[in-house]
Each structure stands twice: as C-alpha cells, then as structure tokens.
Amino acid sequence: MNTTILIAALAVAGVASAGLYLARRKWLDALLVAIAAGALGLFAADLRVPGEGGRTLALDPKAVPSSLDGIRALTLKGDGLRAAQWNDLPARPLAWDMPRTGGLQLDFPCDVALGRLFVLKVQREDRGEARLELLAENGQVLAQAKGPGELAATWLPPVAEPVVLKARLLDARDKLIAEGPVPFIVHEPAILQVQGRFGAPSFDLRVLNELLSGSGALLDWQVMLSRALTRTETAREAMTAPNLTVIDAAWFERAGAGERSALLAKVGQGTSLLVLGGNANDAGLWSRSLQLPLQAQPAGRKIEAPLELPVAPLVPASRTAGPWTGSEDMVWTRGWQKGRIAWLGVTEWHRHAISEPRALALWWQGVLDRLDIEQKQRTEWLAPAEMPLPGQRLEVCARGVSGEARFPGLKQTLAWQRRADRADASCVAVWPEKTGWLRVEDKKAGVHAVYVYAPGDWPQWQAAQRRDATARYAARTPAATGEGPTRALPAWPFALVFALAMLALWWRERR
C-alpha cells in the first residue's frame with residue numbers, strides 16, 4: 001500500500017476513535033488513542049534527518065572493494081581507477097580532484113590495411129617543443145615529428161603482419177619524456193573491382209593502371225586507340241561485384257545517351273564513379289547530365305600541393321558548385337542516389353611516377369578515399385576501450401560474430417554476448433595472464449589478436465585513461481546541489497510508544 005494512503009487511513013482511524021472516547025467524556029482514553037495513532041503514523045513515515053547514512057570510504061586503487069554495501073560516498077586521491085574497475089562498482093558520490101599534470105594521450109589504429117599510412121598521434125598537456133620518434137625493433141628511426149603541442153608521426157608498412165614498434169617522446173633538450181610499445185596489425189587490403197572505360201590513351205592512364213594493378217585490384221580496362229581499335233584488359237578472375245568505375249571525360253562525351261543513362265543507373269545502385277576530367281570539351285553536356293558547372297581555366301594553371309600538377313582545361317570555378325563539393329587537390333564529389341561521383345580536375349600525374357612514386361600512390365589513395373568506396377566486411381573487430389593489461393579484465397568485442405570465441409593462450413572458450421552499449425556488437429570478457437599478443441579464434445571471423453601491454457608500459461597514458469574513467473564515474477552520481485547527506489530516523493521509539501499507549505488503553509478498559 002502507498003505510504004501516504006496508509007498514513008491517511010491511520011489518521012482517520014485515530015480521529016474517529018478519539019472522537020468516540022470524547023463523546024463518552026473519557027479524556028485520558030482519547031489522549032492515549034491520539035498518541036497511539038500518531039506514533040504508528042510516524043513509524044510508517046520513514047522520516048530522515050541530516051547526517052550520514054553509511055560511511056565514507058577512501059578508495060585504494062591497489063585494493064578495490066568488491067562491494068559498497070554500507071558505503072554512502074567515496075573519496076579518492078591520485079589518477080583513479082580503470083574503466084573496467086569502475087564498471088564493477090555501483091554509483092556513489094565521489095570526492096576527487098583530478099591531477100592536472102603528467103598525463104599523455106596516444107592515438108593510433110589497432111589495424112591498418114597494407115598500402116595505407118600508419119599515423120601515431122601524441123597529445124601532451126605540456127605545450128613545449130618536443131620530438132616524437134617511431135622506432136623499429138632494431139632501434140632504427142622509421143619516422144619522427146617535431147614541434148609544440150600535438151605531434152603526429154607517419155609510416156608506410158611494407159608487409160602485412162602483426163607489428164610492435166616503439167615510440168619515444170623527447171623534450172627540446174633530448175631528455176626522455178615517455179616511451180613504450182606501439183602494437184598494430186597490418187592486414188591485406190580489400191580487393192577493388194574496377195571497370196575502366198576511356199576514349200583516348202595517355203601516359204596518365206598507363207600510370208593509373210599500374211598503380212591499381214600493384215594494389216591487387218581486379219581490372220576490366222578498355223581504352224579506345226582509334227575509332228576501330230580498342231585495347232582491352234580483362235580481370236585475372238571473375239568480378240563478382242564491381243565497386244568502382246573510372247572513365248575519362250572523352251568517353252562520356254562520345255557515348256550515346258543510352259550508355260550514359262546505363263552508367264548513371266549503375267552509380268545510383270551504389271557503384272562509385274571517378275571521372276578524369278583532363279580531356280573534357282563539352283561543358284554544356286556535363287551541366288545537363290550531372291549538374292556540374294565547368295568553366296575554362298587559364299593556360300598553365302597548376303596546383304602546388306600535395307603534388308605539382310597542371311589544372312584541367314575545364315573545372316568548376318569554386319569549391320562549392322551546386323551539388324558538388326571540391327577540395328584543394330581539385331577533386332569535386334557529389335552523391336548520386338546510393339552511389340557517389342568524383343571529378344578529377346588535374347592532369348599529368350605520370351610525371352611523378354618515377355621521381356615520387358610513394359607520394360603519387362598516397363595522393364591517389366586520397367582521391368579514391370573521397371569516393372567512400374564501401375568494402376563489405378563480414379567481421380569488424382573493435383579496438384579495446386583502454387590499454388589491456390595482465391590480470392585486468394579485458395573486453396574483446398566484434399561485429400558480425402556469433403557462437404563462441406576461443407582463446408588458445410588462456411585455454412578458454414567463451415560464448416559471444418550481445419552488448420546494448422555497443423551497436424550490433426558482441427563481446428567476451430577475459431583476464432589476460434601475460435604480456436604480448438593474445439590470439440582470438442572465431443569460426444566465422446577467423447583469427448584476430450589483441451596486444452596486452454606490460455604494467456609498466458606508458459605510465460602517463462595509463463594515468464590519462466584512469467583520469468578519464470574516473471571523471472565519467474564521478475559524473476554518474478553528482479552530489480545534489482544545496483543538499484547534505486541524510487540518514488533514516490530510528491523507527492523503534494515510535495513502535496515502543498504505540499505499544500505502551502495501546503497497553504495503557506487496554507488496562508484502562510479492563511478496569
């Protein structure tokens with residue numbers, strides 16, 4: 001029964017009983033009834049008074065309690081606890097002052113496709129001059145970055161394999177600030193399936209063909225050498241789902257209306273289209289068919305970065321051109337139903353194929369990235385939320401998995417569990433026993449590995465992660481503004497008063 005209704009019923013009963021005794025001029029009996037009813041009502045009211053209901057616990061990060069029964073609030077000094085430790089504790093008000101110095105944040109991908117740049121970023125609270133070095137296992141410097149504030153070092157992995165590099169952060173006087181391992185997995189890239197249709201041969205097309213072939217892409221390549229002669233290159237294996245079509249402007253302008261409509265219909269179904277605009281001549285056709293406003297450019301116009309390249313004779317006059325959005329490297333893109341179209345407004349990239357092959361490959365990778373070509377993956381492994389450490393709980397999560405996950409190093413087989421806080425993902429929890437790669441095997445997803453750091457690796461990064469986790473926990477149960485702690489008023493005195501009043505009333509009735 002609701003407490004308010006119960007107290008109201010007691011009040012009505014008490015008033016009625018006292019009224020009956022008053023009508024019979026039994027003043028003392030009426031007083032005893034009033035006292036009994038009031039005591040019973042106070043007993044049911046669960047009154048609270050200022051004061052602590054439970055004790056305040058000073059948390060020790062090295063000995064975290066498994067339960068907070070009887071604990072009203074928490075106090076803490078230092079960097080705090082890991083997220084996995086906080087998640088095991090119920091919410092309590094936390095008194096904690098976050099340290100403001102000594103933290104360090106690292107940001108890098110746990111896996112990267114072969115041919116992609118690996119980027120290590122370091123964020124520091126100290127904004128002074130520093131140098132970040134990325135080292136191989138033999139100590140060779142692979143990449144470095146200098147400057148104040150955030151630093152980023154880049155490296156292009158040569159082979160697909162698990163890699164554990166070493167990073168070192170030095171101050172302006174070459175004094176060591178921090179160092180530790182940088183583990184990640186280099187995997188084989190998803191294979192592009194490219195259809196190429198070109199109205200005229202060029203050195204640029206040959207270089208693009210070589211770049212795509214070198215990346216392992218499947219190519220269905222057709223170049224018109226003359227009206228009666230076409231050079232054709234078929235894919236080395238069957239193309240089940242072409243996801244990129246590359247054409248030059250000349251092919252599109254010479255194609256019939258049916259061919260152009262069929263191409264755009266395919267793009268509308270989800271295929272990406274890249275147009276090499278170097279040999280465009282009919283600005284009106286592009287405006288009518290793709291709403292692309294082209295304007296003639298001055299002869300000899302070039303862009304300087306990231307490569308020095310001549311600008312095509314016809315390109316949009318501004319970065320925003322109707323539904324098209326441009327960039328500094330002269331690439332304009334737009335959505336087309338479920339697909340995407342890009343217009344490349346530069347030429348003569350073949351001049352960099354010998355002198356700057358790596359820069360050219362990275363530039364082309366950036367052009368293709370603008371198309372957002374979707375590579376369907378059956379499984380996506382999610383990066384751990386914090387540094388995995390021996391003896392600490394680790395959540396391994398992935399999308400597209402089901403059944404069981406096997407950990408050979410731990411001799412454990414665990415069932416995947418769905419998680420509401422991770423969209424479409426399933427997780428398992430393990431406690432790693434040692435430092436190094438921890439293998440995970442799944443029947444559908446195959447083999448994956450998670451790197452477990454040593455307890456002494458990157459202490460500043462661990463401190464920053466603990467601070468973030470502790471700040472999130474403190475936000476779960478903030479102290480109420482203007483309200484102090486309270487405790488329940490003992491109820492047994494009201495029960496005693498009620499019992500004594502009823503006994504006294506019984507004794508008087510027996511007389």
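**Figure 1. A buried cysteine and its partner.** At 2% relative accessibility, Cys397 counts as buried. Welcome to this predicted model, where our tour begins at that residue. Cys427 is buried too, with a relative accessible area of 5%. Cys397 and Cys427 are joined in a disulfide, with 2.0 Å between their sulfur atoms. The link is right-handed, with 110° about the S-S bond. Cys397 belongs to strand 27 (residues 394-399) and Cys427 to strand 31 (residues 425-430), so the disulfide ties together parts that are 30 residues apart in sequence. A search of the whole structure finds 1 disulfide.

**Figure 2. A cysteine without a disulfide.** Here we turn to Cys110, which is in no disulfide. The nearest cysteine sulfur belongs to Cys397 and is 12 Å away. Is Cys110 buried or partly exposed? Its relative accessibility is 34%, so Cys110 counts as partly exposed.

**Figure 3. The largest cavity, beside a familiar cysteine.** Rolling a probe the size of a water molecule over the atoms shows where empty space is left. The count comes to 1 cavity of 30 Å³ or more, and the largest cavity has a volume of about 30 Å³. Which residues line the largest cavity? They are Trp381, Leu382, Pro384, Glu395, Val396, Cys397, His448 and Val450. Cys397, met above in the disulfide, is thus also one of the lining residues. Strand 27 and strand 33 are the elements that give two or more residues to this lining, and strand 27 gives the most, with 3 residues. By class, the lining has 6 nonpolar, 1 polar and 1 charged residues.

**Figure 4. The largest pocket and its lining.** This pocket holds about 1,500 Å³ of space. It is lined by 48 residues, and those nearest its centre are Ala113, His187, Glu188, Pro189 and Ala190. Several elements give two or more residues to the lining, among them strand 6 (111-113), strand 12 (176-187), helix 4 (203-214) and helix 8 (357-369). Strand 26 (380-381), strand 32 (436-442) and strand 33 (446-452) are also on that list. Which element gives the largest share? That is helix 8, with 8 residues. The lining divides into 26 nonpolar, 10 polar and 12 charged residues.

**Figure 5. The second largest pocket.** About 790 Å³ of space lies in this pocket. Among its 37 lining residues, Ala383, Pro384, Ala385, Glu386 and Met387 lie nearest the centre. Pro384 also appears in the lining of the largest cavity. The elements that give two or more residues to the lining of this pocket are helix 3 (83-87), strand 5 (104-107), strand 12, strand 27, strand 33 and helix 9 (459-476). By class, the lining has 22 nonpolar, 4 polar and 11 charged residues.

**Figure 6. An open sheet of 4 strands.** How are the strands ordered in this open sheet? The order is 29-28-32-33, and the pairing is antiparallel. Strand 29 (412-415) and strand 33 are the edge strands, each pairing on one side only. From one strand to the next, the twist averages 25°. Strand 28 (residues 404-407) and strand 29 run antiparallel and are joined by 4 bridges. For a close look at the pairing, find Glu404, whose bridge partner in strand 29 is Ala415. Strand 33, at an edge here, also gives two or more residues to the lining of the largest pocket.

How values were computed. Residues numbered from 1 in each chain as written. Predicted model: local features only at pLDDT ≥ 70, side-chain atom pairs only at ≥ 80, totals over all residues. Heavy atoms only, no water. Disulfide = S-S within 2.5 Å. Buried < 20%, exposed > 50% of the residue type's maximum accessible area, 1.4 Å probe, protein only. 1 Å grid on protein atoms, 1.4 Å probe; cavity = no way out; pocket = protein on both sides within 12 Å on 5 of 7 lines; lining within 4 Å. Points joined across faces, edges and corners; volume = space filled by probe spheres on them. Nonpolar A, V, L, I, M, F, W, Y, C, P; charged D, E, K, R; others polar. Pairing = 2+ DSSP bridges. Axes fitted to C-alpha atoms, helices over the stretch in contact; angles between N-to-C directions.
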